[in-house]
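Visitor: Could you choose one part of this model and take me through it closely, with the cut-offs spelled out as you go?

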Amino acid sequence: MADEPRATSIAERIAALKLQSAGNIPVNSNVPNIPQRPRPPPPPRPSLPSRPDRSQTSSLPPLADGPTNGASRPPLPSRTSTQSAVSPPPLPNRNPSERPSPALPPRRPSEAPSQTVYDRSRRGSTDSQSSVATTRSSVSGVSNATSYTSQGQAFNPNRSVKAPDYNPETLPALPPKRTKEEKEAADRKYNGMRPALRPSRSTPKVSQVQQGTTPPPPPPRQQAIAPPPLPGRTKSIPQAQMLAIEAPRPQSRPELPTRAPTVAVPANTEPSVPTRPKRSALDFGMNKATNEAPQVPAARPDSSQAVNGAPPPIPTNSKPDLAALQASKPKLNGTTAPASGATQAGPVAISSYAQFSQILSSHRIVVSDFYADWCGSCRNFAPDYERLSLEYSRPNQIAFIKINTDHNKDIAQAYQIQCWPTIFIFESGREIEKFEGANEWGIVSTVKETARKARINLAAPASAHAAPVATPPVQSSCMHCRDFSGPDTHAARFPRESIPSQDLGWLAQQLTAPFTSHTDKARAIFTWLHHNIAYDVVSFFGNDVKPSTPQNTLASGLAVCEGYAGLFAALAIKAGMEAVVVGGDGKGFGYTELQPGQPIPPQTSNHAWNAVRIDGGAWKLIDACWGAGIVQGAGQPYVKRFAPERFTQTNESFGLDHFPEDSSKQFRADGRRVTWPEYITGNKDGCGAHFYGGYVAEEGFDKTSFQPNAGKIVLSQQPGPTVRFSFQKICPHWDPDTNGKGPHYLYALAIDALEKDPRNHIPFETNGDVWWCDVSVRDLGRPGQKVTIMAFTSFGGKDGRGLTVQEYKRMKGKTGWGGGFMAAWEIA
């Protein structure tokens, strides 16, 4: 037997020992001697820095003797070194171990699916031997030894370790399957061990909650319940004879006993008519018309007869009284509902803007409660508000109303409601007080004070007064005494800066929609121009007036007379009315009267106004520009001052200071056309006196009625020893309480010549329609002095309205007073 070649190095010996310990290599086994192809030398490595020369040589220990099948194992080729090295002294020979390798433990049965797949997935023995025999290709850098590579053993199929053959018969038997009962028992046991589930808030984003987990199983589908079988179809019969199919009664329910009639049927009563068979539902549907009308029974049952054993009707005396139930049913505000047919007292519920405007125009004082159903404070205040309404309401004088802001959003938007409840108090259509929140004391004090000034008697029993009825007031044909508080109040709720649209059609609709009268529509537009358009004094006095359009005027809010007239006509036309712009001469700012002997100037055109058709088809002349405010002069600001007389005055009075280019646009009631010389030489007010604003037209007086008519009083031309000063109301039925601000002031004549005389401030006498005062010519003074009509606006620290001549004479010189001027004359 040839000796086993010894290992030439320590590394080779270690590899051999590992191969022998793991190797299942039988000692002295007969292995055919297969020549081994030498491996190619490794590529040259980069030169390392020179180190002390240290050569290492070792030899593998000889393998244990064993059968070789007649062939000896060839020795390993000697390893050549790239460097010259001195062979170390040989190691002592290793005695071969005679102990056989321990046998492997028996392999556990494999659960691999098949031998073929198992063999395909199993690594070969050569790979195993190579992986065991292969060592590191280099030594640690600390060592100075040269690098080397070991070589694994050659593949030997006889020395390969293989798994035993797969035999399914040797596998253990599978456990028996569980029956359905065993599975249910196991499930119950498992469910009993599980903790109770906690209720949790579900989320629709299941994919976000269960990221990286298995999605939840779908909910179990409910098993469809089969519908009950349909009853068998019977033989068809004609519709006219078809009987209604009655559902069969359950067998377990006993039949009810026949009810005996409560009233005996007389013996001589005619036999009752048999019951008509029930009609099928098909007779009433499917758009099928019957050929003939159903028959009416010959006799109908009454309360004293029973028909075919049916129970008699319920006696009427046992029926509940619905009216009593409604009367006892509590309301939300804690009060009981009124009985049927009773007139409901308390605040009036507003359902439209037109109804709201009508109540404002038909009552002197109106208290309005803006509330909402969802507001708790409104519900708490409702009983108190109803009590105040019952206590202080007076027919056609004081009204209490309530406005649901959710149902009347147009009114709430117009009054800019932002707090609930909000209380508004109006006097003659004008807002005089506002409370945000429930303020019972404020309502009572304001109503009492306003009623005292308006001479409304609150001492009369309130129970005799019914709640105000929202009926349209009867409008007078006279423009002077017509109540325009409704249109004026409505127009003030649409400021130009806050309207949502610059569309002329939208604005015209909002301003005129609550009113059916063309006169009221025109008045609403007239009033809106006063509140929202200012005179462009900068352009006027700077000689920079440019043509304008209604859209430009609405956008800028500035205009001259042409812009006012153009915008009024555009809004009126959009509202469905007829309106035109009229141009001509106007006796406005800068006008001076012609002096005696001065020639008549040529006709000019320096102004613009409107003509609009009102109720009855009549043309009405109005001046929205002069009705909006006053121009004071160059460098002075424009003053907004509402002049309603520019809407209410007659066309004849309008023609005193307006002369149209087209004489046909004078629209006088008498049909006469005034000439230019007649116009230009006439007085613009119909009276020569100098008038002050605020106490003439506003108090219902006509300027043309003031006497003396001339502007200067020539003492030498007076026909008698006295001069009468007088004036009268603009209309005989003009009421200061309804059409004005309250009772008239006390008027007096202030004479400059009597400034320090106690006789000065001579009071006017009146019969309610005309006011007059006679003064001696000697007391009027000398030329250059003035005589002025004044009004006592306050007297003795109180309001001057309603002050009588007797009260004035009794307290004259003993108390203070305040006044305002109406008209003045110059003494000549």
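Guide: Gladly! Helices (H or I, at least four residues) and strands (E, at least two) are DSSP runs, numbered from the N terminus. This is a predicted model, in which local features need pLDDT of at least 70, side-chain atom pairs count only at pLDDT 80 or more, and totals for chains, interfaces and linings use all residues. Residues are numbered from 1 along each chain as its sequence is written, and side-chain values use heavy atoms, with hydrogens and water left out.

Let's look at strand E20, which covers residues 770-776. Its side chains alternate between two faces. Trp771, Cys773 and Val775 point to one face and are buried, where buried means under 20% relative accessible area, exposed over 50%, and partly exposed in between (1.4 Å probe, protein chains only). Val770, Trp772, Asp774 and Ser776 point to the other face and are not buried.

Now for the partners of E20. Two strands pair if DSSP finds at least two bridges between them. Strand E16, residues 722-728, is antiparallel to E20, and 7 bridges link them. Here Phe725 sits opposite Cys773, one of the buried residues of E20.

Strand E19, residues 765-766, also runs antiparallel to E20, joined by 2 bridges. In this pairing Glu765 faces Trp772, whose side chain is on the face that is not buried. E19 and E20 make a hairpin, with 3 residues between the strands. In that turn, Gly768 has a positive phi of about 100 degrees.
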